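The following note is offered for a colleague's consideration. The points are numbered so that each can be taken up separately.

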Amino acid sequence: MNSSKDKKLSELFIKAQNGNDLAYELFLMETAKILKSFLNKRMNSSSNAEDVLQETLLSIHNSRHTYLSSKPVGPWLYAICKNRMIDYHRKQSRFEKFITVDSVKSEKFEILAEINCNEEESEKGIQIIECLNKLPKAQKKIIKLLKIDGFSVKEVAMKTGMSESSVKVTASRGYKKIREMFGVK
Amino acid sequence: MKIKTTELIKKISNAGGKTRILSGPIIRSLRWLLISFLYLAIGLSFLGIREDWVAVMQSPVLLLQTTLYLCLSIFSGISAFILSVPGQERRWLHIIPLVTLTLWFVIILYEIFNEEHLVNPVGYYCLRDILILAFIPGIALFIMLRKAAPLNLEKTGMLSVLSVGALGAFGTQFICTIDSPLHFLLWHFIPVLIIGLLGVFLGKLFLKNHLNPELENNE
(Lines give C-alpha, C1' and ligand atoms only; values in the text may rest on other atoms or scores of the structure.)
Protein backbone atom coordinates (compact mmCIF):
# COMPACT_ATOMS: atom_id res chain seq x y z
CA MET A 1 0.00 0.00 0.00
CA ASN A 2 1.53 3.33 -1.02
CA SER A 3 1.66 6.26 1.36
CA SER A 4 -1.09 8.33 -0.31
CA LYS A 5 -3.45 5.37 -0.19
CA ASP A 6 -2.48 4.76 3.42
CA LYS A 7 -3.11 8.41 4.28
CA LYS A 8 -6.52 8.34 2.59
CA LEU A 9 -7.54 5.18 4.43
CA SER A 10 -6.18 6.53 7.68
CA GLU A 11 -8.27 9.72 7.33
CA LEU A 12 -11.39 7.68 6.62
CA PHE A 13 -10.72 5.44 9.61
CA ILE A 14 -10.16 8.35 11.98
CA LYS A 15 -13.53 9.77 10.85
CA ALA A 16 -15.05 6.32 11.41
CA GLN A 17 -13.59 6.16 14.91
CA ASN A 18 -15.30 9.50 15.57
CA GLY A 19 -18.67 7.98 14.69
CA ASN A 20 -18.98 8.70 10.95
CA ASP A 21 -20.72 5.56 9.64
CA LEU A 22 -20.42 6.59 5.99
CA ALA A 23 -16.66 7.04 6.32
CA TYR A 24 -16.52 3.67 8.05
CA GLU A 25 -18.38 1.99 5.20
CA LEU A 26 -16.08 3.61 2.62
CA PHE A 27 -13.04 2.58 4.64
CA LEU A 28 -14.24 -1.02 4.85
CA MET A 29 -15.04 -1.10 1.11
CA GLU A 30 -11.56 0.17 0.22
CA THR A 31 -9.95 -2.16 2.75
CA ALA A 32 -11.90 -5.12 1.42
CA LYS A 33 -10.62 -4.40 -2.12
CA ILE A 34 -6.99 -4.21 -0.97
CA LEU A 35 -7.16 -7.24 1.28
CA LYS A 36 -9.04 -9.30 -1.28
CA SER A 37 -6.19 -9.07 -3.77
CA PHE A 38 -3.69 -9.69 -0.93
CA LEU A 39 -5.57 -12.85 0.10
CA ASN A 40 -6.24 -14.10 -3.43
CA LYS A 41 -2.48 -14.17 -4.05
CA ARG A 42 -1.89 -16.23 -0.92
CA MET A 43 -4.82 -18.62 -0.77
CA ASN A 44 -5.70 -21.58 -2.94
CA SER A 45 -9.34 -20.71 -3.57
CA SER A 46 -11.23 -17.46 -3.88
CA SER A 47 -13.99 -18.88 -1.68
CA ASN A 48 -11.50 -19.43 1.16
CA ALA A 49 -10.06 -15.97 0.54
CA GLU A 50 -13.57 -14.53 0.84
CA ASP A 51 -14.09 -16.34 4.17
CA VAL A 52 -10.82 -14.96 5.54
CA LEU A 53 -11.69 -11.51 4.24
CA GLN A 54 -14.97 -11.57 6.14
CA GLU A 55 -13.25 -12.74 9.30
CA THR A 56 -10.65 -10.00 8.85
CA LEU A 57 -13.35 -7.35 8.50
CA LEU A 58 -14.96 -8.56 11.73
CA SER A 59 -11.60 -8.50 13.49
CA ILE A 60 -10.92 -4.98 12.18
CA HIS A 61 -14.24 -3.93 13.64
CA ASN A 62 -13.51 -5.56 17.00
CA SER A 63 -10.02 -4.06 17.15
CA ARG A 64 -10.83 -0.62 15.76
CA HIS A 65 -10.24 1.03 19.14
CA THR A 66 -6.55 -0.01 19.02
CA TYR A 67 -5.65 1.95 15.89
CA LEU A 68 -3.63 5.04 16.73
CA SER A 69 -4.03 7.96 14.32
CA SER A 70 -0.31 8.77 14.56
CA LYS A 71 0.61 5.45 12.92
CA PRO A 72 0.07 4.27 9.33
CA VAL A 73 -3.02 2.15 8.89
CA GLY A 74 -1.47 -0.37 6.45
CA PRO A 75 0.67 -2.38 8.92
CA TRP A 76 -2.27 -2.48 11.34
CA LEU A 77 -4.60 -3.89 8.63
CA TYR A 78 -2.12 -6.40 7.25
CA ALA A 79 -1.19 -7.66 10.72
CA ILE A 80 -4.85 -8.44 11.43
CA CYS A 81 -5.34 -9.99 7.99
CA LYS A 82 -2.21 -12.18 8.23
CA ASN A 83 -3.27 -13.34 11.68
CA ARG A 84 -6.74 -14.27 10.42
CA MET A 85 -5.20 -16.11 7.46
CA ILE A 86 -2.85 -18.11 9.73
CA ASP A 87 -5.75 -18.86 12.05
CA TYR A 88 -7.85 -20.03 9.12
CA HIS A 89 -5.09 -22.35 7.86
CA ARG A 90 -4.62 -23.69 11.40
CA LYS A 91 -8.33 -24.45 11.74
CA GLN A 92 -8.42 -26.04 8.29
CA SER A 93 -5.43 -28.29 8.95
CA ARG A 94 -6.85 -29.28 12.35
CA PHE A 95 -10.12 -30.14 10.64
CA GLU A 96 -8.39 -32.02 7.83
CA LYS A 97 -6.29 -33.99 10.32
CA PHE A 98 -9.41 -35.06 12.11
CA ILE A 99 -11.66 -35.94 9.22
CA THR A 100 -11.49 -36.34 5.48
CA VAL A 101 -14.50 -36.10 3.23
CA ASP A 102 -15.12 -38.96 0.87
CA SER A 103 -17.78 -37.15 -1.08
CA VAL A 104 -17.34 -39.13 -4.32
CA LYS A 105 -17.96 -42.60 -2.86
CA SER A 106 -20.39 -42.39 -0.03
CA GLU A 107 -20.61 -38.74 1.02
CA LYS A 108 -19.59 -39.84 4.49
CA PHE A 109 -16.99 -38.33 6.72
CA GLU A 110 -14.22 -40.70 7.55
CA ILE A 111 -12.22 -40.38 10.71
CA LEU A 112 -8.49 -40.78 10.35
CA ALA A 113 -8.10 -43.09 13.30
CA GLU A 114 -4.36 -43.41 12.92
CA ILE A 115 -3.75 -39.77 13.77
CA ASN A 116 -4.48 -39.21 17.41
CA CYS A 117 -7.72 -40.88 18.32
CA ASN A 118 -8.30 -44.46 19.33
CA GLU A 119 -10.86 -46.80 17.77
CA GLU A 120 -13.62 -45.89 20.20
CA GLU A 121 -13.10 -42.15 19.67
CA SER A 122 -13.04 -42.65 15.89
CA GLU A 123 -16.36 -44.51 15.97
CA LYS A 124 -17.95 -41.82 18.09
CA GLY A 125 -16.57 -39.20 15.71
CA ILE A 126 -18.09 -40.99 12.72
CA GLN A 127 -21.43 -41.30 14.48
CA ILE A 128 -21.50 -37.61 15.42
CA ILE A 129 -20.62 -36.52 11.90
CA GLU A 130 -23.25 -38.85 10.43
CA CYS A 131 -25.79 -37.31 12.80
CA LEU A 132 -24.61 -33.86 11.77
CA ASN A 133 -25.18 -34.76 8.13
CA LYS A 134 -28.77 -35.78 8.91
CA LEU A 135 -29.59 -32.37 10.39
CA PRO A 136 -31.37 -29.66 8.40
CA LYS A 137 -28.94 -27.51 6.41
CA ALA A 138 -29.20 -24.46 8.70
CA GLN A 139 -28.55 -26.43 11.90
CA LYS A 140 -25.67 -28.34 10.31
CA LYS A 141 -24.05 -25.12 9.13
CA ILE A 142 -24.39 -23.37 12.50
CA ILE A 143 -23.02 -26.34 14.49
CA LYS A 144 -20.14 -26.73 12.04
CA LEU A 145 -19.22 -23.06 12.38
CA LEU A 146 -19.49 -23.17 16.18
CA LYS A 147 -17.96 -26.53 16.99
CA ILE A 148 -15.63 -27.39 14.12
CA ASP A 149 -14.50 -24.00 12.82
CA GLY A 150 -14.44 -22.62 16.37
CA PHE A 151 -16.26 -19.32 15.78
CA SER A 152 -18.03 -17.56 18.63
CA VAL A 153 -21.81 -17.05 18.59
CA LYS A 154 -21.25 -13.37 17.78
CA GLU A 155 -19.00 -14.20 14.82
CA VAL A 156 -21.41 -16.82 13.47
CA ALA A 157 -24.25 -14.29 13.77
CA MET A 158 -22.23 -11.76 11.78
CA LYS A 159 -21.18 -14.33 9.17
CA THR A 160 -24.66 -15.74 8.58
CA GLY A 161 -26.61 -12.55 8.97
CA MET A 162 -28.69 -14.07 11.78
CA SER A 163 -29.20 -12.62 15.24
CA GLU A 164 -27.19 -14.08 18.11
CA SER A 165 -30.30 -15.48 19.75
CA SER A 166 -31.33 -17.21 16.48
CA VAL A 167 -27.87 -18.76 16.24
CA LYS A 168 -28.18 -20.06 19.81
CA VAL A 169 -31.70 -21.41 19.22
CA THR A 170 -30.73 -23.10 15.91
CA ALA A 171 -27.65 -24.68 17.50
CA SER A 172 -29.62 -25.79 20.53
CA ARG A 173 -32.23 -27.50 18.30
CA GLY A 174 -29.42 -29.21 16.41
CA TYR A 175 -27.79 -30.44 19.64
CA LYS A 176 -31.15 -31.75 20.80
CA LYS A 177 -31.61 -33.72 17.58
CA ILE A 178 -28.09 -35.17 17.83
CA ARG A 179 -28.79 -36.18 21.44
CA GLU A 180 -32.03 -37.83 20.30
CA MET A 181 -30.18 -39.72 17.58
CA PHE A 182 -27.83 -41.01 20.27
CA GLY A 183 -30.81 -41.92 22.45
CA VAL A 184 -29.84 -39.37 25.12
CA LYS A 185 -32.55 -37.16 26.57
CA MET B 1 -26.99 -18.80 3.73
CA LYS B 2 -23.55 -17.21 3.76
CA ILE B 3 -23.67 -13.44 3.97
CA LYS B 4 -22.11 -11.42 1.13
CA THR B 5 -19.10 -9.28 1.96
CA THR B 6 -20.89 -6.10 0.89
CA GLU B 7 -23.78 -6.93 3.24
CA LEU B 8 -21.32 -7.67 6.04
CA ILE B 9 -19.65 -4.29 5.48
CA LYS B 10 -23.05 -2.56 5.72
CA LYS B 11 -23.83 -4.45 8.92
CA ILE B 12 -20.45 -3.67 10.47
CA SER B 13 -20.49 -0.01 9.51
CA ASN B 14 -23.97 0.36 11.03
CA ALA B 15 -22.64 -1.10 14.28
CA GLY B 16 -19.78 1.44 14.26
CA GLY B 17 -20.52 4.54 16.28
CA LYS B 18 -18.01 6.66 18.14
CA THR B 19 -15.09 4.60 19.36
CA ARG B 20 -13.24 5.21 22.58
CA ILE B 21 -9.67 4.93 21.39
CA LEU B 22 -7.23 3.03 23.52
CA SER B 23 -4.16 4.95 24.72
CA GLY B 24 -0.79 4.09 23.23
CA PRO B 25 1.11 1.06 24.55
CA ILE B 26 3.72 3.15 26.39
CA ILE B 27 1.08 5.16 28.26
CA ARG B 28 -0.74 1.95 29.18
CA SER B 29 2.55 0.38 30.28
CA LEU B 30 3.21 3.36 32.56
CA ARG B 31 -0.27 3.08 34.05
CA TRP B 32 0.27 -0.62 34.70
CA LEU B 33 3.68 0.04 36.25
CA LEU B 34 2.13 2.63 38.55
CA ILE B 35 -0.54 0.17 39.72
CA SER B 36 2.08 -2.58 40.11
CA PHE B 37 4.52 -0.49 42.14
CA LEU B 38 1.75 0.74 44.42
CA TYR B 39 0.73 -2.87 45.02
CA LEU B 40 4.36 -3.88 45.45
CA ALA B 41 4.84 -1.20 48.11
CA ILE B 42 1.73 -2.38 49.95
CA GLY B 43 2.74 -6.03 49.56
CA LEU B 44 6.24 -5.39 50.84
CA SER B 45 4.95 -3.48 53.84
CA PHE B 46 2.75 -6.47 54.73
CA LEU B 47 5.34 -9.17 54.06
CA GLY B 48 8.11 -7.22 55.77
CA ILE B 49 11.31 -5.89 54.24
CA ARG B 50 14.60 -7.30 55.54
CA GLU B 51 16.19 -4.88 57.97
CA ASP B 52 19.61 -4.73 56.31
CA TRP B 53 18.37 -4.14 52.75
CA VAL B 54 20.23 -0.85 52.36
CA ALA B 55 23.53 -2.54 53.26
CA VAL B 56 22.74 -5.52 51.00
CA MET B 57 22.04 -3.26 48.04
CA GLN B 58 25.54 -1.88 48.37
CA SER B 59 26.88 -5.18 47.10
CA PRO B 60 27.43 -4.54 43.36
CA VAL B 61 26.35 -8.06 42.33
CA LEU B 62 23.11 -7.99 44.32
CA LEU B 63 22.38 -4.49 43.12
CA LEU B 64 22.96 -5.58 39.53
CA GLN B 65 20.70 -8.61 39.99
CA THR B 66 17.95 -6.49 41.50
CA THR B 67 18.25 -3.98 38.66
CA LEU B 68 18.00 -6.84 36.16
CA TYR B 69 14.76 -8.14 37.75
CA LEU B 70 13.34 -4.66 37.45
CA CYS B 71 14.54 -4.21 33.86
CA LEU B 72 13.18 -7.62 32.88
CA SER B 73 9.82 -6.75 34.39
CA ILE B 74 9.61 -3.33 32.74
CA PHE B 75 10.88 -4.42 29.30
CA SER B 76 8.70 -7.53 29.15
CA GLY B 77 5.67 -5.55 30.30
CA ILE B 78 6.21 -2.84 27.68
CA SER B 79 6.78 -5.52 25.02
CA ALA B 80 3.51 -7.23 25.95
CA PHE B 81 1.64 -3.92 25.67
CA ILE B 82 3.22 -3.14 22.30
CA LEU B 83 2.41 -6.64 21.05
CA SER B 84 -1.21 -6.18 22.03
CA VAL B 85 -1.62 -3.60 19.24
CA PRO B 86 -1.81 -5.11 15.73
CA GLY B 87 1.05 -4.22 13.42
CA GLN B 88 3.40 -3.09 16.19
CA GLU B 89 5.46 -6.28 16.44
CA ARG B 90 9.22 -5.59 16.30
CA ARG B 91 12.15 -7.94 16.72
CA TRP B 92 13.65 -5.97 19.62
CA LEU B 93 10.49 -6.65 21.60
CA HIS B 94 11.68 -10.21 22.18
CA ILE B 95 15.39 -9.54 22.15
CA ILE B 96 15.56 -7.09 25.09
CA PRO B 97 13.75 -9.34 27.62
CA LEU B 98 15.76 -12.32 26.36
CA VAL B 99 19.06 -10.47 26.78
CA THR B 100 18.06 -9.34 30.28
CA LEU B 101 17.06 -12.87 31.24
CA THR B 102 20.33 -14.29 29.88
CA LEU B 103 22.37 -11.67 31.71
CA TRP B 104 20.59 -12.50 34.96
CA PHE B 105 21.34 -16.21 34.44
CA VAL B 106 25.00 -15.53 33.59
CA ILE B 107 25.47 -13.44 36.74
CA ILE B 108 23.96 -16.16 38.93
CA LEU B 109 26.15 -18.81 37.28
CA TYR B 110 29.22 -16.63 37.74
CA GLU B 111 28.37 -16.27 41.41
CA ILE B 112 27.81 -20.01 41.79
CA PHE B 113 31.22 -20.82 40.30
CA ASN B 114 32.91 -18.28 42.53
CA GLU B 115 31.18 -19.31 45.75
CA GLU B 116 33.36 -21.44 48.04
CA HIS B 117 30.60 -23.04 50.12
CA LEU B 118 27.42 -23.50 48.20
CA VAL B 119 24.36 -23.63 50.40
CA ASN B 120 20.77 -23.99 49.34
CA PRO B 121 18.35 -23.42 52.17
CA VAL B 122 14.79 -24.34 51.22
CA GLY B 123 13.10 -21.31 49.74
CA TYR B 124 9.39 -22.08 49.54
CA TYR B 125 8.79 -18.72 51.17
CA CYS B 126 10.50 -16.96 48.28
CA LEU B 127 8.30 -18.77 45.77
CA ARG B 128 5.25 -17.84 47.84
CA ASP B 129 6.36 -14.20 48.02
CA ILE B 130 7.03 -14.04 44.27
CA LEU B 131 3.52 -15.37 43.58
CA ILE B 132 1.87 -13.03 46.10
CA LEU B 133 3.69 -9.99 44.72
CA ALA B 134 3.01 -10.98 41.11
CA PHE B 135 -0.67 -11.87 41.50
CA ILE B 136 -2.45 -8.49 41.39
CA PRO B 137 -0.07 -6.93 38.81
CA GLY B 138 -0.68 -10.06 36.71
CA ILE B 139 -4.44 -9.71 36.86
CA ALA B 140 -4.19 -5.99 36.11
CA LEU B 141 -1.92 -6.70 33.15
CA PHE B 142 -4.21 -9.34 31.65
CA ILE B 143 -7.26 -7.10 32.05
CA MET B 144 -5.44 -4.24 30.34
CA LEU B 145 -4.14 -6.46 27.53
CA ARG B 146 -7.58 -7.93 26.88
CA LYS B 147 -8.85 -4.40 26.25
CA ALA B 148 -6.45 -4.18 23.31
CA ALA B 149 -6.26 -6.75 20.51
CA PRO B 150 -3.31 -9.11 21.02
CA LEU B 151 -2.86 -11.25 17.93
CA ASN B 152 -0.04 -13.49 19.10
CA LEU B 153 -1.62 -14.80 22.30
CA GLU B 154 1.22 -17.15 23.26
CA LYS B 155 3.96 -14.57 22.93
CA THR B 156 1.96 -11.80 24.61
CA GLY B 157 1.00 -14.19 27.43
CA MET B 158 4.59 -15.30 27.95
CA LEU B 159 6.00 -11.77 28.02
CA SER B 160 3.31 -10.53 30.37
CA VAL B 161 3.70 -13.39 32.85
CA LEU B 162 7.48 -13.14 32.65
CA SER B 163 7.08 -9.47 33.46
CA VAL B 164 4.96 -10.03 36.57
CA GLY B 165 7.17 -12.95 37.65
CA ALA B 166 10.24 -10.71 37.45
CA LEU B 167 8.35 -8.03 39.35
CA GLY B 168 7.60 -10.56 42.08
CA ALA B 169 11.28 -11.59 42.15
CA PHE B 170 12.28 -7.92 42.35
CA GLY B 171 10.06 -7.44 45.40
CA THR B 172 11.23 -10.71 46.96
CA GLN B 173 14.81 -9.45 46.75
CA PHE B 174 13.89 -6.98 49.54
CA ILE B 175 12.35 -9.71 51.70
CA CYS B 176 14.58 -12.76 51.20
CA THR B 177 17.44 -12.94 53.70
CA ILE B 178 19.28 -15.78 51.92
CA ASP B 179 22.08 -14.33 49.83
CA SER B 180 23.21 -17.59 48.28
CA PRO B 181 23.58 -17.74 44.47
CA LEU B 182 22.32 -21.32 44.36
CA HIS B 183 19.23 -20.20 46.24
CA PHE B 184 18.76 -17.36 43.73
CA LEU B 185 18.99 -19.83 40.88
CA LEU B 186 16.62 -22.44 42.31
CA TRP B 187 14.09 -20.25 44.12
CA HIS B 188 14.16 -16.96 42.24
CA PHE B 189 15.38 -17.47 38.66
CA ILE B 190 13.89 -20.87 37.82
CA PRO B 191 10.42 -20.05 39.24
CA VAL B 192 10.32 -16.86 37.14
CA LEU B 193 11.36 -18.87 34.06
CA ILE B 194 8.68 -21.51 34.72
CA ILE B 195 6.06 -18.85 35.39
CA GLY B 196 7.05 -17.18 32.10
CA LEU B 197 6.61 -20.45 30.19
CA LEU B 198 3.23 -20.99 31.82
CA GLY B 199 2.32 -17.63 30.33
CA VAL B 200 2.14 -19.29 26.90
CA PHE B 201 -0.89 -21.30 28.09
CA LEU B 202 -2.32 -18.48 30.19
CA GLY B 203 -2.15 -16.19 27.17
CA LYS B 204 -4.02 -18.69 25.00
CA LEU B 205 -6.58 -19.15 27.75
CA PHE B 206 -7.23 -15.62 28.94
CA LEU B 207 -6.30 -13.26 26.12
CA LYS B 208 -8.40 -14.98 23.46
CA ASN B 209 -11.74 -13.23 23.22
CA HIS B 210 -10.76 -9.64 22.96
CA LEU B 211 -13.85 -7.70 22.06
CA ASN B 212 -14.46 -4.03 22.19
CA PRO B 213 -16.88 -3.57 25.12
CA GLU B 214 -18.51 -0.71 23.22
CA LEU B 215 -19.51 -3.09 20.45
CA GLU B 216 -21.40 -5.25 22.92
CA ASN B 217 -23.21 -2.15 24.19
CA ASN B 218 -24.08 -1.01 20.69
CA GLU B 219 -25.55 -4.32 19.82
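1. Chain B, read along its sequence, follows the pattern α-α-α-α-α-α-α-α-α. The chain accordingly has nine helices and zero strands. The model is a predicted one, and the remarks below should be read with that in mind.

2. Of the 219 residues in chain B, 49% are buried. The accessible surface of the chain comes to about 11,000 Å², and carbon and sulfur atoms contribute 69% of that surface. Among the contacts in chain B with a separation of 6 or more, 87% are between residues 24 or more positions apart.

3. Which residues have the most contacts inside the largest nonpolar core? They are Trp32(B), Trp104(B) and Ile108(B), in a core of 45 residues. At least two residues of this core are supplied by each of helix 2 (25-47), helix 4, helix 5, helix 6 (124-147), helix 7 and helix 8 (181-206) of chain B. Helix 7 of chain B provides the largest share, with nine residues. As a general matter, nonpolar side chains in soluble globular proteins tend to be buried together.

4. Trp32(B) merits separate inspection. With its neighbours within four places in sequence set aside, Trp32(B) is in contact with Ser73(B), Gly77(B) and Phe81(B), and also with Pro137(B), Ala140(B), Leu141(B) and Met144(B). Ser163(B) and Val164(B) complete the list of its contacts. A second core, separate from the one just described, has 34 residues, including Leu9(A), Tyr24(A), Leu57(A) and Val73(A).

5. How many salt bridges does the structure hold over all chains? The number is 11. Such pairing is possible in general because side chains of opposite charge can pair when their charged atoms come close. In chain A, Lys36(A) and Glu50(A) form one of these bridges, with their closest N and O atoms 3.5 Å apart. Lys36(A) belongs to helix 2 (residues 21-42) of chain A and Glu50(A) to helix 3 (residues 46-62) of chain A, so that the pair, 14 residues apart, links distant parts of the chain. Lys36(A) is partly exposed, at a relative accessible area of 37%. Also in chain A, a network of salt bridges links Lys5(A), Glu30(A) and Lys33(A).

6. In chain B, a salt bridge joins the side chains of Glu89(B) and Lys155(B), at 2.7 Å from N to O. This pair links distant parts of the chain, 66 residues apart: Glu89(B) is in the loop between helix 4 (60-83) and helix 5 (92-114) of chain B, while Lys155(B) is in helix 7 (residues 153-172) of chain B. Both partners are classed as partly exposed, Glu89(B) with a relative accessible area of 37% and Lys155(B) with one of 24%.

7. Is each partner of the salt bridge between Arg128(B) and Asp129(B) buried or partly exposed? The closest N and O atoms of this pair are 2.9 Å apart. Asp129(B) counts as buried because its relative accessibility is 4%, and buried means under 20%. Arg128(B), by contrast, has a relative accessibility of 41% and counts as partly exposed.

8. The contact between the chains takes 38 residues from chain B and 41 residues from chain A. The area buried between the two chains is about 3,500 Å², and carbon and sulfur atoms give 61% of it. One salt bridge is found across this interface. Lys10(B) forms a salt bridge with Glu25(A), their closest N and O atoms being 2.7 Å apart. Eight residue pairs are in polar contact across the interface, with both residues at pLDDT 80 or more. On the side of chain B that touches chain A, helix 1 (5-14) and helix 9 (213-218) of chain B each supply at least two residues. Helix 1 of chain B gives the most to that side, with eight residues.

9. A final point concerns Ile143(B), which lies in helix 6 of chain B. Ile143(B) counts as partly exposed because its relative accessibility is 47%, and the partly exposed class runs between 20% and 50%. The C-alpha atoms of Ile143(B) and Leu207(B) are separated by 8.6 Å, although these residues are 64 residues apart along the chain.

Key:
Residues numbered from 1 in each chain as written. Chains lettered and ligands numbered in written order. Predicted model: local features only at pLDDT ≥ 70, side-chain atom pairs only at ≥ 80, totals over all residues. Heavy atoms only, no water. Helix = DSSP H or I, 4+ residues; strand = E, 2+ residues; numbered from the N terminus. Buried < 20%, exposed > 50% of the residue type's maximum accessible area, 1.4 Å probe, protein only. Contact = heavy atoms within 4.5 Å. Areas by Shrake-Rupley, 256 points an atom, 1.4 Å probe, with all protein chains shown as cover. Salt bridge = Lys/Arg side-chain N within 4 Å of Asp/Glu carboxyl O. Core = buried A, V, L, I, M, F, W, Y, C linked by side-chain atoms within 4.5 Å. Buried area = accessible area lost by both parts, 1.4 Å probe. Polar contact = N/O pair within 3.5 Å; in protein donor to acceptor, adjacent residues only side chain to side chain.
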